[in-house]
Amino acid sequence: MLLTLAWRNLWRNKRRSAIIIASVAVGVIALTLSDALSLGMMHQMLNNRIGAHVGHIQIHAPGFRANPSLTALLTDPDAIQTELASIPAIRQSSKRIVQFGLLSSSRSSAGVNIVGIEPERERRVSHIARSVVEGHYPDSSKGDILISRHLARKLEVELGDKVVAMASARDGTVGSEVFRVCGLFATLDAEFDKFHVYASLPTVGSMLGLTKEASQIVAIVDEVDSVGAYREAIQSQLGGVLDVASYRDLLPMLVFQLDSYEQLIWIFYLIVGLAMFFGIVNTMLMAVFERMHEFGVLMSLGMARSRMFALILLEAILLGLIGTLTGELLSWLVSIPWERYGLDLSVFSEALGSLGVGNKIYPFIAASTYLNSLIMVPAFAVLGALYPALKAIRLRPVEALRYV
Amino acid sequence: MEIIRTVDVERTYEDKGVPVHAVNGVNLIVEQGEFSVLAGASGSGKTTLLNVIGALDVPTRGEVFLHGEALSQKAGNELSAIRLTKIGFVFQAYNLIPVLSALENVSFPMVLQGVAASERRERAMAILDELDLAGLAHKRPGAMSGGQQQRVAVARAIVTNPALVLADEPTANLDSVTGHKLLDMMLRLNEEKKITFVFASHDEKVIARAKRLVTMRDGQIINDELRDGVFT
């Protein structure tokens, strides 16, 4: 009956309860949706980087990541790929040659990462093929080069124009090759686009004086969440000599940002919680003081102070719970179209492009967000009710009965 | 059997820095089965004495014994337990819990006692039925007249079979006819169930029905008159 009493007490002043429930709900909506937007944005940043180039796992010769040059190469990448093919969790792999060089047109030049790819296999480890916006993706034929639309503007070239790539070859000479721009790409990451060009692996290899060597092998796994375990398994299968890195090792800043966000969100909880805390203190103070006489009656009936204390806290918990559930329900309703169609933020396209996010954010509400709100908000409600509850139970029955 | 004994009880309040002796050296014994009235003008100390007897207030000096146990020795939760099990209260303003129905109000003390739901309902309905209130069982106080509310308050006070029912001006908010009916009912409960009633009242109707009339003035008992001989 304590719960019944608390519930009915809540609706004695419907307007007041509705106002505090609404304010809790608004706080929860703000918290949930901003969390959903931030999480969506950060996951997009991460997924875009993974999809554009990084993949889930990369294998390099030791020292390549510290000094990405032709001094640290995988000498037998085909053998490694054969090993990888025997691991069921590896969905696909592709080898690349990566060398920093200069790409020049007749009008301008730019420093770029020249990436030699296996065109067909690359399609399955990155979405660069799907990012072609003009022309076509390079095939294995010699002479095709895919550059970004951004770089094309900088070099003042169009489809079909010739460009010259130059880079240090393995023997220390400068290797060069003439390419024809076969296609333009545009990923969601403007910074990435500025510095990457793609040509077939044999062409780039021959330009740099390589025979069968490669700079890296990129792999995609079945379960992204288990990438750490896969990394260990691959490392062990390959004999522990090679440098096997997951995207978490390759994108440490982004991963750190995502991980630290999960800590930072508690600051949001604290801010929203504090705002609700004062609202609930105010509401519960009013609710308690106007019923002080009634608390005197409850005490005269023999209600223990601890029970009365629990009754007041229960009312606050119910207020917090109803407000939280209402806020979560409304957030969920709002998030349905957002998650499906995305949130068009093209007015901020420049800033979002530099972050590697894209113009459309697909916010998503994690189950942990719902759960955290459901625990945190009623907890703040309880804190907010502590003072009024203590005020009520500190009075002697006769003082409470006389309270006006 | 002695239920209440007060020994030199004093209750002093501070009113704007001035001490007010609301109860001043009262010695009183209440035996089981009494139907007693503490009478006196406003400010005579009868309500304060009733509150002290009922463990709602603590005396500044002196001692109150309930069934021979000194209340001053009891902690707050023990006093709550005493109020819950041994004392029933009826107030001038009825003081039913507005969000509960008559049945729930009567059941409430049993909830606090931890009585099972089915037994609570059975006992509460039996009391309501006995006091001709069964028809009001599911009505909330707001939908009842003052007299009906006060009868429900009496039902709530006696449902736990307390040793003592303390009633503070129970007829003050009722019209004459309703007041008489309420007193009839309480007298019947006193005679049939041997429930001990102690009233604080200056209502002539209540005073006229008293089997023992204790008159107070300035916090002291000035007259203690037994009306119908030996208490049963």
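Select chain A to begin: 45% of its 404 residues count as buried. As you look around, keep in mind that this is a predicted model.

**First stop: chain A as a whole**

Stay with chain A and colour it by secondary structure. You will find 15 helices and 12 strands there. Now turn the chain until you can follow its principal axes: the C-alpha trace spans about 100 × 45 × 30 Å along them. How does the radius of gyration of chain A stand against that of a compact globule of 404 residues? The globule would come out near 22 Å, but chain A has 31 Å. If you have a contact map to hand, open it beside the viewer. Of the contacts in chain A with a separation of 6 or more, 81% are between residues 24 or more positions apart.

**Second stop: chain B as a whole**

Hide chain A for a moment and show chain B. Its secondary structure amounts to seven helices and 10 strands. Along the principal axes, the C-alpha atoms of chain B fill a box of roughly 45 × 40 × 40 Å. Why can the radius of gyration of chain B be said to agree with a compact globule? Because a compact globule with 232 residues would have a value near 17 Å, and chain B has 17 Å. Of those 232 residues, 47% count as buried. In chain B, 70% of the contacts between residues at least 6 apart in sequence join residues at least 24 apart.

**Third stop: a sheet in chain B**

Next, pick out β1, β2, β4 and β5 of chain B. These four strands make an open sheet, ordered β2-β1-β4-β5, with antiparallel pairing. Which strands lie at the edges? They are β2 (18-31) and β5 (69-70) of chain B, each of which pairs on one side only. While you have the sheet on screen, try showing the side chains. In a regular strand, side chains alternate between the two faces of the sheet.

Now walk across the sheet, pair by pair:

- Select β1(B) and β2(B). They run antiparallel and are joined by 11 bridges. Zoom in on B:R11, which stands opposite B:V23 in β2(B).
- Look at the turn of this hairpin, where two residues sit between β1(B) and β2(B). One residue to click on is B:K16, which has a positive phi of about 55°.
- Move on to β1 (residues 2-15) and β4 (residues 61-66) of chain B, an antiparallel pair joined by five bridges. Among the partners, B:V7 is matched with B:E63 in β4(B), and B:R5 with B:F65.
- Keep B:F65 selected and look towards β5(B), where its bridge partner is B:A70. Two bridges pair β4(B) with β5(B) in the antiparallel sense.
- Finish at the hairpin of β4(B) and β5(B), which has two residues between the strands. There B:H67 takes a positive phi near 50°.

**Last stop: where the chains meet**

Bring chain A back and view both chains together. How many residues are in contact between them? 18 residues of chain A are in contact with 19 residues of chain B. On the side of chain A that touches chain B, highlight α1 (2-10), α11 (292-300) and α15 (397-402), the elements that give two or more residues to it. Of these, α11(A) gives the most, with four residues. Finally, colour this side of chain A by residue class: you will see 10 nonpolar, three polar and five charged residues.

How values were computed. Residues are numbered from 1 along each chain as its sequence is written. Chains are lettered from A and ligands numbered from 1 in the order in which they are written. This is a predicted model: local features need pLDDT of at least 70, side-chain atom pairs count only at pLDDT 80 or more; totals for chains, interfaces and linings use all residues. Two strands pair if DSSP finds at least two bridges between them. Two residues are in contact if their C-beta atoms, placed from the backbone, lie within 7 Å. Ala, Val, Leu, Ile, Met, Phe, Trp, Tyr, Cys and Pro count as nonpolar, Asp, Glu, Lys and Arg as charged, and the others, Gly among them, as polar. The radius of gyration is taken over C-alpha atoms; the globule rule is 2.2 Å times the number of residues to the power 0.38. A residue is buried if 20 or more other C-beta atoms lie within 10 Å of its own, exposed if 12 or fewer, and partly exposed in between; C-beta atoms are placed from the backbone.
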